[in-house]
Amino acid sequence: MPSRQPPDEPQWFVCHTMARCEKKFAALLERESIPHYLPLIRSAKRYPGSGTKHFEKPLFPGYVFAEISPAKKNRIYQRDLVARALWVEDQALLLRQLDEVRTILASGVKITLQPLLQKGRRVRINAGPLMGVEGIVDNPDDPRGIVVSVDVMRQGILVPIDPEYLEPIT
């Protein structure tokens, strides 16, 4: 089913930013008086010799949510901070989910970002000795690992891996 085009009134978009430009893009939206939401989480990094530094980082790296009117859409591309703006067809669902994110972040509970893994989804291991290995999600309901295939032999190897170390391949 083809998605319909956004109407003439302001609509929410998921803006995919250039690498590490989320805060700069949010500042641009602020200057342009464009309503937006950049969910941030507190993080800490240990540096040898200088201790621990605390900072805020985006909950969803590479993404900022913005309510953009058609008249202002071209303005978001003025500084090469955003790669594309993805229109969301189900605006009510997005707004409900963003409210849930706000509630969770305001609660102060410890959270981690977890990709939604579906059986058969191609993924890449993003940390550890297997970093870069690609495979297929075996069973997201009982995550035992990913299957790395050797297609020519029609064989696969089940590799046990914690889902937090997996990233979907688009």
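This passage walks through a predicted model of a protein, from its overall make-up down to a few single residues.

To start with the broad picture, the protein is built from two helices and 11 strands. Read from the N terminus, these elements come in the order β-α-β-β-β-β-β-α-β-β-β-β-β. The radius of gyration works out at 19 Å, while the globule rule gives 15 Å for 170 residues, so the protein is more spread out than a compact globule. The C-alpha trace covers about 55 × 55 × 30 Å along its principal axes.

What about inside and outside? Of the 170 residues, 30% count as buried. The exposed surface comes to about 11600 Å², and 54% of that is supplied by carbon and sulfur atoms. Contacts also reach a good way along the chain: taking those between residues at least 6 apart in sequence, 58% join residues at least 24 apart.

Next come the nonpolar cores. In soluble globular proteins, nonpolar side chains tend to be buried together. Here, the largest nonpolar core holds 17 residues, and the ones touching the most other members are Cys15, Phe25, Leu29, Ile68 and Ile76. Several elements chip in: strand S1 (11-17), helix H1 (22-31), strand S5 (63-68) and strand S6 (82-87) supply at least two residues each to this core. H1 gives the largest share, with four residues. Phe25 offers a good look at how this part of the protein is put together. Setting aside neighbours within four places in sequence, Phe25 is in contact with Cys15, Thr17, Val64, Ile76, Leu81 and Val82. Another core lies apart from the largest one; it has 10 residues, including Tyr37, Ile41, Phe65 and Leu98.

Turning to the later strands, five of them form an open sheet, in the order S10-S9-S8-S7-S11, with antiparallel pairing. At the edges sit strand S10 (155-159) and strand S11 (166-168), each of which pairs on one side only. Ignoring direction, neighbouring strands in this sheet are turned by 45° against each other on average. Within the sheet, strand S8 (residues 134-137) and strand S9 (residues 146-150) pair in the antiparallel sense over two bridges. Ile136 has Val147 in S9 as its bridge partner.

Finally, a few loop residues deserve a closer look. Glu32 is found in the loop between H1 and strand S2 (36-37). Its relative accessible area is just 17%, so Glu32 counts as buried, the cut-off being under 20%. Leaving out residues up to four places away in sequence, Glu32 touches Lys72, Arg75 and Gln78.

Ser33 lies in that loop between H1 and S2 as well. In contrast to a buried residue, Ser33 counts as exposed, because its relative accessibility is 57% and the cut-off is over 50%. The backbone is worth a glance too. Most residues other than glycine have a negative phi. Ser33, however, has a phi near 55°, a positive value in a residue other than glycine. Arg20 also has a positive phi, near 55°. Arg20 is placed in the loop between S1 and H1, and this residue is exposed, with a relative accessible area of 77%.

How values were computed
Residues numbered from 1 in each chain as written. Predicted model: local features only at pLDDT ≥ 70, side-chain atom pairs only at ≥ 80, totals over all residues. Heavy atoms only, no water. Core = buried A, V, L, I, M, F, W, Y, C linked by side-chain atoms within 4.5 Å. Buried < 20%, exposed > 50% of the residue type's maximum accessible area, 1.4 Å probe, protein only. Contact = heavy atoms within 4.5 Å. Pairing = 2+ DSSP bridges. Axes fitted to C-alpha atoms, helices over the stretch in contact; angles between N-to-C directions. Rg over C-alpha atoms; globule rule 2.2 N^0.38 Å. Areas by Shrake-Rupley, 256 points an atom, 1.4 Å probe, with all protein chains shown as cover.
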